[in-house]
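Q: Before accepting a label such as buried or paired, it helps to ask what makes it apply. Please take the labels of this model one at a time and set each against its cut-off.

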Amino acid sequence: PAPFDRKWWSHKYNGPALRYELAVCIATGSIVWVNGSFPASRWPDLSIFRSHLQGLLLPWEMVCADGGYQDGFQFCETPTGLNNPRSRAHGVWLARHEAVD
C-alpha cells in the first residue's frame, strides 16, 4: 500500500505481509479453520487466536500450537522439548500443519 505504513511490515519476511490463522485437523491434515487477514506488525499469533478461535472452543478443548501461542496451557498446548511419546506426537501434528502453511 502507498504511502508506506509500518503496520504492514513483517520482520520475519523483511517486507510487507499479511497474517492468517490456519487450524488443521490432527487426524486428517484437513484445514478446519481460516481467520484473517491481519497486518503483520500489529497481530501476533496469540492475539489472533484470542480474537476469534479461542471463543469457539468448548470448555474441555485445547489447541495444539507452536511456541508463539504460549498461554500457560489454558487453551494452547505448545511444544516442551521433552522426549516422550506425547512430544513426538506433537511434533508430527506440527509438521502436518507446516506442510499446509
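A: A residue is called buried under 20% relative accessible area, exposed over 50%, and partly exposed in between. The model is a predicted one, and with that rule R19 can be placed: its relative accessibility is 24%, so R19 counts as partly exposed.

Q: What makes V34 count as exposed?
A: The relative accessibility of V34 is 54%, and because exposed means over 50%, V34 counts as exposed. This residue lies in strand β4.

Q: Which residues form the nonpolar patch on the surface, and which strands supply at least two of its residues?
A: The patch is formed by L18, Y20, I31, V34 and V100, which together have about 460 Å² of accessible area. Both β3 and β4, the latter spanning 31–39, contribute at least two residues each to this patch.

Q: Why is the pair of R19 and D45 called a salt bridge?
A: Side chains of opposite charge can pair when their charged atoms come close. The definition asks for a side-chain nitrogen of Lys or Arg within 4 Å of a carboxyl oxygen of Asp or Glu; the side chains of R19 and D45 meet at 2.0 Å, N to O, and therefore the pair qualifies as a salt bridge. By this rule the count comes to one salt bridge. The pair joins distant parts of the chain, since R19 belongs to strand β3 and D45 to helix α1 (residues 45–51), with their positions 26 residues apart in the numbering.

Q: How do you know that E21 has no salt bridge?
A: The nearest side chain of opposite charge to E21 is R19, 9.1 Å away, and because a salt bridge must be within 4 Å, E21 has none. E21 is nevertheless buried, and it is found in strand β3, residues 18–24.

Q: What makes the meeting of E21 and W33 a polar contact?
A: The side chain of E21 meets that of W33 at 3.0 Å, and since the cut-off for a polar contact is within 3.5 Å, this distance satisfies it. Leaving aside neighbours within four places in sequence, E21 is in contact with W33, V34, N35, I48, F49, L53 and Y69.

Q: How many helices and strands does the protein chain have, and how much of the chain counts as buried?
A: The secondary structure comes to two helices and six strands, running β-β-β-β-α-β-β-α from the N terminus on. Of the 101 residues, 26% count as buried. The chain exposes about 7000 Å², of which carbon and sulfur atoms supply 56%.

How values were computed
Residues are numbered from 1 along each chain as its sequence is written. This is a predicted model: local features need pLDDT of at least 70, side-chain atom pairs count only at pLDDT 80 or more; totals for chains, interfaces and linings use all residues. Side-chain values use heavy atoms; hydrogens and water are left out. Helices (H or I, at least four residues) and strands (E, at least two) are DSSP runs, numbered from the N terminus. Buried means under 20% relative accessible area, exposed over 50%, partly exposed in between (1.4 Å probe, protein chains only). Lys and Arg count as positive and Asp and Glu as negative; His and the chain ends are not counted. A polar contact is a pair of N or O atoms within 3.5 Å; within protein, one must be able to donate a hydrogen and the other to accept it, and residues adjacent in sequence count only if both atoms are side-chain atoms. Contact means heavy atoms within 4.5 Å. Patches are made of residues with over 30% relative accessible area and no salt bridge: like charges are joined within 9 Å, nonpolar side chains (Val, Leu, Ile, Met, Phe, Trp, Tyr) within 5 Å. Accessible areas come from the Shrake-Rupley method with a 1.4 Å probe; for residues, only the protein chains shown count as cover.
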